[in-house]
Amino acid sequence: MNRRKRRTVIAGNWKMNMTPVEATAMIKELRPMIKGRRACDVVLCVPAIDIPAAVAAAKGSRIKIGAENVHFEEKGAFTGEISAKMLLSCGVEYVIIGHSERRQYFGETDATVNKRVLAALSAGLKVILCVGEVLEQRDLGITNEILAMQTKIALQGVSAEQLKNVIIAYEPVWAIGTGRVATPEQADEGNGVVRKTVEALYGHDAAEALTVQYGGSMNEKNAADLLAKYNVDGGLIGGASLVASKFAAIVAAAEK
Ligand code: PGA
């Protein structure tokens, strides 16, 4: 990570875990553990139903609350969906878009990812955009092409000014929830490909200023080595973000 040039952001992705009561308890436990530290931003992306409880529990702390998805239309007949405006009205600042589980199980495509990114940014949300190859693509040697393609399509129509509100998370799909973490070198390389792709679109300075996270089985034990890499500006953390002490340890690793 290169803190002189860009913000380090440690973000949790709770996925489909935690009730509002559990969310409140976890955040109350976490707050004193990360108090005083300031070298990175801390975000918890939580299930929609937990948002009001999480926002209330995080109030007055450095923890920002994010959502795990957003719909691209402003309103209307889209049963079960939530708009950017609704999220903002509840105190949400960030939203994860294009997570591999949404691509894998819920029909998310590069085109719908792009629509969500544009809707979220124009409404004023900060976006954590996820890209990453599946194992077959890595084995075929097309990881770099996949990352470039996903990044380019997702950012179509995003202005240079809007890019300042985008974080990209490189998450190799084979490393998510598997305990099989990428090596620091693989993480650095994947993040570097994302940065190079952004450089080709927006120029050197914009690419150097972009926060690129690594995600996939990051935990309190491997975080320091991953975060030591030049292109790794933080993490998107699933499993280990559910336990306050583990998540706090990752924040501490990012502040060394
Ligand atoms: P994991 O999830 O840390 O549990 O592997 C990461 C993610 O899906 O963002």
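A residue counts as part of the ligand's surroundings here if one of its heavy atoms lies within 4 Å of the ligand. Keep in mind for every view below that this is a predicted model.

**View 1. The shell of residues around the ligand.** Using that cut-off, 13 residues surround the ligand. Lys15, His99, Glu171, Gly177 and Ser217 are the closest of them. Sorted by class, the shell comes out as 7 polar, 4 nonpolar and 2 charged residues.

**View 2. Polar contacts to the ligand's oxygen atoms.** Start with Lys15: an N or O atom in its side chain sits 2.7 Å from an oxygen atom of the ligand. At Gly177 the backbone does the job, with an N or O atom 2.7 Å from a ligand oxygen. Gly238 also uses its backbone, placing a polar atom 2.8 Å from an oxygen atom of the ligand. As for how wrapped up the ligand is, on its own it has 280 Å² of accessible area, and the protein covers 95% of that.

**View 3. The largest pocket.** Here you're looking at about 500 Å³ of space. The lining is made up of 20 residues, and Lys15, Glu68, Asn69, Arg102 and Phe106 are the ones nearest the pocket's centre. Lys15 should look familiar, as it is also among the residues closest to the ligand. By class, the lining splits into 10 nonpolar, 5 polar and 5 charged residues.

**View 4. The second largest pocket.** This one has a volume of about 280 Å³. Its lining counts 16 residues, with Leu163, Lys164, Asn165, Val166 and Ala209 lying nearest the centre. Three elements each give two or more residues to that lining: α8 (160-163), β6 (166-170) and α10 (204-209). Of these, α10 gives the most, with 3 residues. The class breakdown for the lining is 9 nonpolar, 5 charged and 2 polar.

**View 5. A salt bridge between Glu208 and Arg6.** Side chains of opposite charge can pair when their charged atoms come close. The structure holds 14 salt bridges, and this close-up picks out one of them, where the side chains of Glu208 and Arg6 meet at 3.2 Å, N to O. Glu208 belongs to helix α10, while Arg6 is in the segment before β1 (8-13), so the pair ties together parts that are 202 residues apart in sequence. Helix α10 is worth finding again in View 4, where it gives 3 residues to the lining of the second largest pocket.

Definitions and conventions: Residues are numbered from 1 along each chain as its sequence is written. This is a predicted model: local features need pLDDT of at least 70, side-chain atom pairs count only at pLDDT 80 or more; totals for chains, interfaces and linings use all residues. Side-chain values use heavy atoms; hydrogens and water are left out. On a 1 Å grid over the protein atoms alone, a cavity is a set of points where a 1.4 Å probe fits but cannot get out, and a pocket is an open set with protein on both sides within 12 Å along at least five of seven lines; lining residues have an atom within 4 Å of a point. Grid points are joined across faces, edges and corners, and a volume is the space filled by probe spheres set on the points. Ala, Val, Leu, Ile, Met, Phe, Trp, Tyr, Cys and Pro count as nonpolar, Asp, Glu, Lys and Arg as charged, and the others, Gly among them, as polar. A polar contact is a pair of N or O atoms within 3.5 Å; within protein, one must be able to donate a hydrogen and the other to accept it, and residues adjacent in sequence count only if both atoms are side-chain atoms. Accessible areas come from the Shrake-Rupley method with a 1.4 Å probe; for residues, only the protein chains shown count as cover. A salt bridge is a side-chain nitrogen of Lys or Arg within 4 Å of a carboxyl oxygen of Asp or Glu.
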